[in-house]
Protein chains: 2
Amino acid sequence: MNGNMLIAHGGGPTPVINSSLFGALKEARQHPQQIEKVFAARFGAEGILANDLIDLTEVPEDKLNNLVYTPASAIGSCRRKLTEPDYPLVLENLRRNNIRYFFYNGGNDSMDTCHKIHQLAENEGYDLKVIGIPKTIDNDLVDTDNCPGFGSAARYAAISALELSADASALPIHVVILEVMGRNAGWLTAASALYKDEMHSNLLTYLPELPIEKKTFLNDVKSAMAQGRGLLVTVSEGLKDSDGRPVADTGIEDGFGHKIAGGVAQALADLIIAETDLRARAEKPGLLGRVSIAHVTEVDRQEAIAVGSFAVKSAVDGQSGSMVSILGHREAEDFSFTLRLVPLEHVANHERKFPLEWINAEGNGIKSAFHQYCLPLVGSSECHFLNLREGT
Amino acid sequence: MNGNMLIAHGGGPTPVINSSLFGALKEARQHPQQIEKVFAARFGAEGILANDLIDLTEVPEDKLNNLVYTPASAIGSCRRKLTEPDYPLVLENLRRNNIRYFFYNGGNDSMDTCHKIHQLAENEGYDLKVIGIPKTIDNDLVDTDNCPGFGSAARYAAISALELSADASALPIHVVILEVMGRNAGWLTAASALYKDEMHSNLLTYLPELPIEKKTFLNDVKSAMAQGRGLLVTVSEGLKDSDGRPVADTGIEDGFGHKIAGGVAQALADLIIAETDLRARAEKPGLLGRVSIAHVTEVDRQEAIAVGSFAVKSAVDGQSGSMVSILGHREAEDFSFTLRLVPLEHVANHERKFPLEWINAEGNGIKSAFHQYCLPLVGSSECHFLNLREGT
């Protein structure tokens with residue numbers, strides 16, 4: 001099978017989505033017999049529909065190398081979810097450009113799109129190899145050990161929490177609340193607790209999987225602050241209250257129909273100020289958590305490159321209708337991985353939530369089982385913050 | 001003159017305030033004839049008033065080395081401003097501990113405290129050498145080229161803006177608004193525009209020195225977004241509206257009687273959503289901008305160590321009533337500095353605002369004169385983000 005290749009990005013970029021693009025492009029150049037021209041869709045699904053493609057066939061190697069140090073999406077992404085009436089046009093544009101290898105790099109919504117394109121081509125008898133490349137900082141794809149993008153965003157959350165904790169304990173005049181991305185899955189917020197043992201302040205962590213009860217939350221905060229070491233609270237942007245409603249609800253929906261949560265940290269700070277005699281402030285780095293090049297981990301970068309490369313190799317080998325999945329191998333703090341394919345229909349539209357059994361009984365902390373899972377992906381803090389306030 | 005030394009931190013920590021502590025402690029150990037014991041006040045003015053001192057005389061050297069990689073304050077800080085009735089107790093505690101060298105590391109409020117302690121000792125005939133050590137991420141101290149802490153926080157703002165810009169242009173579905181610290185002085189927010197020429201999106205920047213007019217702001221945003229490259233807006237937390245009121249007013253005052261601004265980015269995002277057909281989101285890293293060890297610059301670290309060291313050396317030489325000031329020497333992108341003393345009364349309670357002549361005529365951008373001032377302190381981005389959307 002020979003023809004052209006198309007790669008597209010879907011949803012929010014990760015710090016390493018361009019590393020997957022790098023892996024895919026490098027691999028494609030190894031197969032000039034099968035892959036003639038290499039196209040990327042400009043702005044994801046929008047580019048596919050508008051037949052707006054970027055020809056990457058001739059981009060010099062040394063330029064491509066910059067991809068692994070470029071955050072966001074070098075080819076552009078979108079939040080447009082393809083709907084049924086869009087698909088005939090998708091197929092038409094694939095045919096028009098003689099696309100025979102199609103790669104969609106995204107999360108569970110994108111895997112659904114990917115699956116539908118695979119089915120459509122099959123139904124229409126158009127020979128097309130379709131492979132999904134996983135990415136999401138939320139780590140909520142099923143059937144994979146972890147998702148490329150998560151490790152780096154997790155390190156950002158973990159280091160940010162450790163640094164904020166230093167500030168919260170050095171100037172313990174207010175409760176400091178850190179809002180972490182993750183609408184429905186608490187993986188990233190849990191990562192903010194990874195370096196808890198090194199923190200100089202107390203730490204409370206609340207995930208979206210477990211609704212909070214206002215009174216319990218305020219009691220947690222008051223008793224933690226009473227210990228005089230300062231307090232950092234880390235919360236997921238999608239935290240729910242005991243009625244199951246987002247603590248902060250912007251009322252806005254994104255292109256996939258998901259509600260956009262926002263301002264939960266500020267809402268909780270306001271609550272603390274209103275209901276206690278404590279002061280509080282909110283930090284919401286938001287998108288910064290998915291673009292920080294300084295916090296990209298080598299494991300994550302290597303995973304991302306590998307899944308991109310493996311996708312192209314699999315398609316050239318004749319595979320289709322699958323997503324590349326990571327099998328993790330952990331030995332103490334070391335991590336290695338192998339890759340395999342899993343059916344797209346197993347992954348599409350499913351969400352892997354954070355396991356409830358990894359949340360402590362009080363609902364305000366993370367158990368060590370998660371550390372064993374996550375620390376090898378994120379690495380040790382490499383920080384040795386000095387606290388002269390509590391003994392020299 | 002021989003006796004003991006006391007060092008204290010005042011106000012919000014910087015990423016390098018502990019480097020100044022390191023410089024001061026190392027220098028103190030060079031003068032065992034004059035300086036017998038070395039104390040730090042636990043939590044700044046609170047520790048001075050409570051006679052709660054940490055004895056650092058015997059802390060091993062290798063432990064001290066960690067100070068230059070520790071954010072926040074290793075000895076603790078506070079926001080308590082000493083008032084007239086406090087001063088007799090301050091003097092009593094200084095006498096009680098035979099403190100003959102006193103160093104206060106802080107911003108303009110702390111320099112006021114420092115000055116008053118100097119005057120008090122002089123009036124009471126108590127032989128005390130008092131030197132102020134400058135620090136503030138806000139860069140708003142007068143009579144110094146720049147303030148230790150600013151360079152690193154400025155790099156955090158500049159890199160964060162560059163990274164967010166990549167995201168805003170790769171997924172241009174919303175206006176991205178970044179809130180930067182700085183209540184009254186726009187230096188840090190201006191730094192967010194340092195790498196504008198490398199950005200893939202448009203950029204608008206608003207400082208607290210120049211009030212914004214709602215309609216003009218919305219027109220700026222709409223025409224910038226219309227260019228299709230995405231838009232990043234960077235704003236100071238203390239941005240004022242055309243009536244001179246903070247755009248976001250929490251109604252809360254800190255211990256120095258300053259109003260705490262908060263949520264200006266979210267307020268502007270809400271405004272854009274309400275008044276245009278655009279979408280917007282707000283990022284507020286807040287305290288993260290003053291604790292990020294990854295973004296500490298070598299110039300800033302060296303300045304911070306040097307001002308701490310110079311303060312102790314000057315006091316041992318018999319100087320008092322002064323603050324250490326930095327004289328900057330710029331040659332292209334290189335920066336070197338020398339130190340001198342300036343009278344505390346020149347610095348106390350004064351604020352150096354961002355020069356209005358460095359703001360563009362539209363009030364939404366920064367002129368290149370600022371780049372010439374700031375880039376040598378912050379360094380080049382060292383980023384080469386790839387944008388394949390606009391030509392390969």
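Helix 10 of chain A, residues 298-316, lies across six strands of its chain: strand 1 (3-9), strand 2, strand 4 (99-106), strand 5 (129-134), strand 12 (322-331) and strand 13. Its direction makes about 30° with strand 13 of chain A. Keep in mind that this is a predicted model.

What does this helix rest on? In chain A, seven strands form an open sheet with mixed pairing, in the order 3-2-1-4-5-12-13. At the edges are strand 3 (53-55) and strand 13 (334-343) of chain A, each of which pairs on one side only. From one strand to the next, the twist averages 25°. Strands of a sheet pair through backbone hydrogen bonds, and they can do so in parallel or antiparallel fashion. Strand 2 (residues 35-41) and strand 3 of chain A are an antiparallel example, joined by three bridges. Here A:Phe39 stands opposite A:Asp55 of strand 3.

A further helix meets the sheet of chain A. Helix 12, residues 368-378, lies across strand 12 and strand 13 of chain A, and it runs at about 100° to strand 12 of chain A.

**Over to chain B**

Chain B also has an open sheet of seven strands, with the order 3-2-1-4-5-12-13 and mixed pairing. Strand 3 and strand 13 of chain B stand at the edges with a single partner strand each, so one side of each has no neighbour in the sheet. The twist in this sheet averages 25° from one strand to the next. Helix 10 (residues 298-316) of chain B packs on the sheet, where its direction makes about 30° with that of strand 13 of chain B. Helix 12 (residues 368-378) of chain B packs there too, touching strand 12 and strand 13 of chain B, at about 100° to strand 12 of chain B.

It is worth following strand 12 (residues 322-331) and strand 13 (residues 334-343) of chain B, which run antiparallel and are joined by ten bridges. B:Ser322 has B:Pro343 as its bridge partner, while B:Glu331 is partnered by B:Asp334. The two strands form a hairpin with two residues between them, and B:Ala332 in the turn has a positive phi of about 55°.

**Where the chains meet**

How many residues of chain B are in contact with chain A? There are 68, and they touch 68 residues of chain A. Together the two chains bury about 5,200 Å², 62% of it on carbon and sulfur atoms. Between them, 21 residue pairs are in polar contact. Several elements of chain B each supply at least two residues to the side that touches chain A, including strand 3 (53-55), helix 6 (150-170) and helix 9 (264-275). The largest share, eight residues, comes from helix 6 of chain B. By kind, the residues on this side of chain B divide into 37 nonpolar, 17 polar and 14 charged.

**Salt bridges**

Side chains of opposite charge can pair when their charged atoms come close. Over all chains, the count comes to 38 salt bridges, and two are found across the interface of chain B and chain A. Here are two examples from the model.

| Side chains in the salt bridge | N to O distance |
|---|---|
| B:Arg290 and A:Asp167 | 2.8 Å |
| B:Asp112 and B:Lys116 | 3.0 Å |

B:Asp112 and B:Lys116 both lie in helix 5 (residues 108-123) of chain B, where four residues, about one turn of the helix, set them apart.

Definitions and conventions:
Residues are numbered from 1 along each chain as its sequence is written. Chains are lettered from A and ligands numbered from 1 in the order in which they are written. This is a predicted model: local features need pLDDT of at least 70, side-chain atom pairs count only at pLDDT 80 or more; totals for chains, interfaces and linings use all residues. Side-chain values use heavy atoms; hydrogens and water are left out. Two strands pair if DSSP finds at least two bridges between them. Axes are lines fitted to C-alpha atoms, for helices over the stretch in contact, and angles run from 0 to 180 degrees between N-to-C directions. Contact means heavy atoms within 4.5 Å. Buried area is the accessible area (1.4 Å probe) that two parts lose on being put together, summed over both. A salt bridge is a side-chain nitrogen of Lys or Arg within 4 Å of a carboxyl oxygen of Asp or Glu. A polar contact is a pair of N or O atoms within 3.5 Å; within protein, one must be able to donate a hydrogen and the other to accept it, and residues adjacent in sequence count only if both atoms are side-chain atoms. Ala, Val, Leu, Ile, Met, Phe, Trp, Tyr, Cys and Pro count as nonpolar, Asp, Glu, Lys and Arg as charged, and the others, Gly among them, as polar.
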